[in-house]
Amino acid sequence: MADRLMAIPRLVPPLDGEPADATALRAEVRAFLAEQRAAGACTPAVDAWLSSWDEDFTAALAARGWLGMTVPKEYGGQGRSFLDRFVVTEELLAAGAPVAAHWIADRQIVPSLLKYGTETQKREFLPKIAAGQCFFGIGMSEPDSGSDLASVRTRAVQVDGGWRLSGTKVWTSGAHKAHAFIVLARTAPVDPANRHAGLSQFIVRFDGPGVEVRPIVSMNGRHHFNEVILDEAFVPDDMVFGQIGNGWQQVTSELSFERSGPERLLSTFVLLPQLAASMAGGRIPRDPDLGRLVARLTGLHQMSMSVAGALERHEPADVPAAVVKVLGTTTEGDIADFADLYRGDDSGLTQEVDELIVTAVDQRPGFTLRGGTNEVLRGVIARGLGMR
């Protein structure tokens, strides 16, 4: 399937090289990261965007103007392009930097607020996100729903002054540390002829009454996922997100930002330079598969950057984003498997690198699940391209 997807004609035009100012920005980020590593403030990690939560590092990025980069200056942001933001995030991910605290807010909530948020919501949340002071989660997935968001059972009932939400959300990354999340709920009975109708979104604070966050601890002992129980949680009218009944269209737009970014191909990238150095030094055998993985990443870099260009032009990007997600998560999983071949006492790799490989292998099953399973996304791609 991956080979067939690579053969699909480009769904969005590629950018003609990288502008000089973007290249200069890339060098600036690399210099910053070198300073952070030298100071012991940035330890490379696998899957850092999901599990490496460091609010001090987030504050340092905010001080540089590297959060809320696409937020207009009137809302406390930098007013910069999607390409500028892409360059910064790509460098942070390639370095395995601890960006989990702000990641969802900056990647997904910012563009959604700009597109669907009220003026009150924009002025309340955007400046805080850009300052590294407000963190968000995602309230889409539910138990037994898988990737079928149309089957959500969380219900929102209108009451005086707002709405009462009841239901359960699951796999909510960072809910135990974040401030709020955007919840997808059903505000009208299911219509068998249109299951996507009657869905709406709400901004819900984690510290509000009727909201309980329960940890989900992975088999490797790590805790970044959570289950969130909503028990008649009250949401005032001014925290309705977008339009009532328009939740499906809003979620589809939001997922383009979630699926197309470089985190869908760089979760394990930090392993490749280590393996390349060991091969160059003769500590592990030379293997042509390393070059093949680098070539795949090079193509994915171009594809992901092209999606950033489409978003900059306000063009639909759901299908190309799905392509990037399917190919990217498959590649980062293959990097984990490749690295695992060379792990062990006689590998010549350091203990630190061995531990990174163990983490990559542990996290690997989730790569093709989160953000929509690759099986579901292949259906999205087929429908988008008019295949039967």
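Colleague: What is the relative accessible area of V157?
Modeller: This is a predicted model: local features need pLDDT of at least 70, side-chain atom pairs count only at pLDDT 80 or more, and totals for chains, interfaces and linings use all residues. Residues are numbered from 1 along each chain as its sequence is written, and side-chain values use heavy atoms, leaving out hydrogens and water. Buried means under 20% relative accessible area, exposed over 50%, and partly exposed in between (1.4 Å probe, protein chains only). V157 is partly exposed, because its relative accessible area is 48%.

Colleague: Which element holds V157?
Modeller: Helices (H or I, at least four residues) and strands (E, at least two) are DSSP runs, numbered from the N terminus. By that count, V157 sits within residues 155-159, which make up strand 2.

Colleague: Which residues form a nonpolar patch with V157?
Modeller: Patch residues have over 30% relative accessible area and no salt bridge; like charges are joined within 9 Å, nonpolar side chains (Val, Leu, Ile, Met, Phe, Trp, Tyr) within 5 Å. Accessible areas come from the Shrake-Rupley method with a 1.4 Å probe, and for residues only the protein chains shown count as cover. The surface patch has about 230 Å² of accessible area together. Beside V157, its members are V159 and F234.

Colleague: What is the volume of the second largest cavity?
Modeller: A cavity is a set of points on a 1 Å grid, over the protein atoms alone, where a 1.4 Å probe fits but cannot get out; lining residues have an atom within 4 Å of a point. Grid points are joined across faces, edges and corners, and a volume is the space filled by probe spheres set on the points. The structure holds two cavities of 30 Å³ or more. The second largest has a volume of about 40 Å³.

Colleague: How many residues in the lining of that second largest cavity are charged?
Modeller: The lining is made by A45, D47, A48, W49, L93, G96, L266 and S267. Ala, Val, Leu, Ile, Met, Phe, Trp, Tyr, Cys and Pro count as nonpolar, Asp, Glu, Lys and Arg as charged, and the others, Gly among them, as polar. The lining has five nonpolar residues and two polar ones, and the number charged is one.

Colleague: D47 lines that cavity. Which residue forms a salt bridge with D47?
Modeller: A salt bridge is a side-chain nitrogen of Lys or Arg within 4 Å of a carboxyl oxygen of Asp or Glu. The structure holds 21 of them. For D47, the closest N and O atoms are 2.7 Å apart, and the partner is R370.

Colleague: How many residues apart are D47 and R370?
Modeller: The salt bridge between D47 and R370 links distant parts of the chain. D47 is in the loop between helix 2 (20-38) and helix 3 (48-51), and R370 is in the loop between helix 12 (351-367) and helix 13 (374-384). They are apart by 323 residues.

Colleague: Are D47 and R370 buried or exposed?
Modeller: D47 has 0% relative accessibility. R370 has a relative accessible area of 15%. So D47 counts as buried, and R370 is likewise buried.

Colleague: What is the phi of D47?
Modeller: D47 is not a glycine, yet its phi is positive. E232, also other than glycine, has a positive phi near 55°; E232 lies in strand 7 (residues 223-236) and is partly exposed at 45%. For D47, phi is about 55°.

Colleague: Which residue forms a salt bridge with D84?
Modeller: D84 counts as buried at 12% relative accessibility. Its partner is partly exposed, with a relative accessible area of 33%. The closest N and O atoms are 3.3 Å apart, and the partner is R80.

Colleague: What is the N to O distance between R343 and D340?
Modeller: R343 counts as partly exposed at 40% relative accessibility, and D340 as partly exposed at 30%. Elsewhere, salt bridges that share partners join R26, R30, E90 and E91 into one network. The side chains of R343 and D340 meet in a salt bridge at 3.1 Å.

Colleague: How far apart in space are E142 and G132?
Modeller: E142 lies in the loop between strand 1 (136-139) and strand 2. At 5% relative accessibility, E142 counts as buried. E142 and G132 are 10 residues apart in sequence, and their C-alpha separation is 28 Å.

Key. On a 1 Å grid over the protein atoms alone, a cavity is a set of points where a 1.4 Å probe fits but cannot get out, and a pocket is an open set with protein on both sides within 12 Å along at least five of seven lines; lining residues have an atom within 4 Å of a point.
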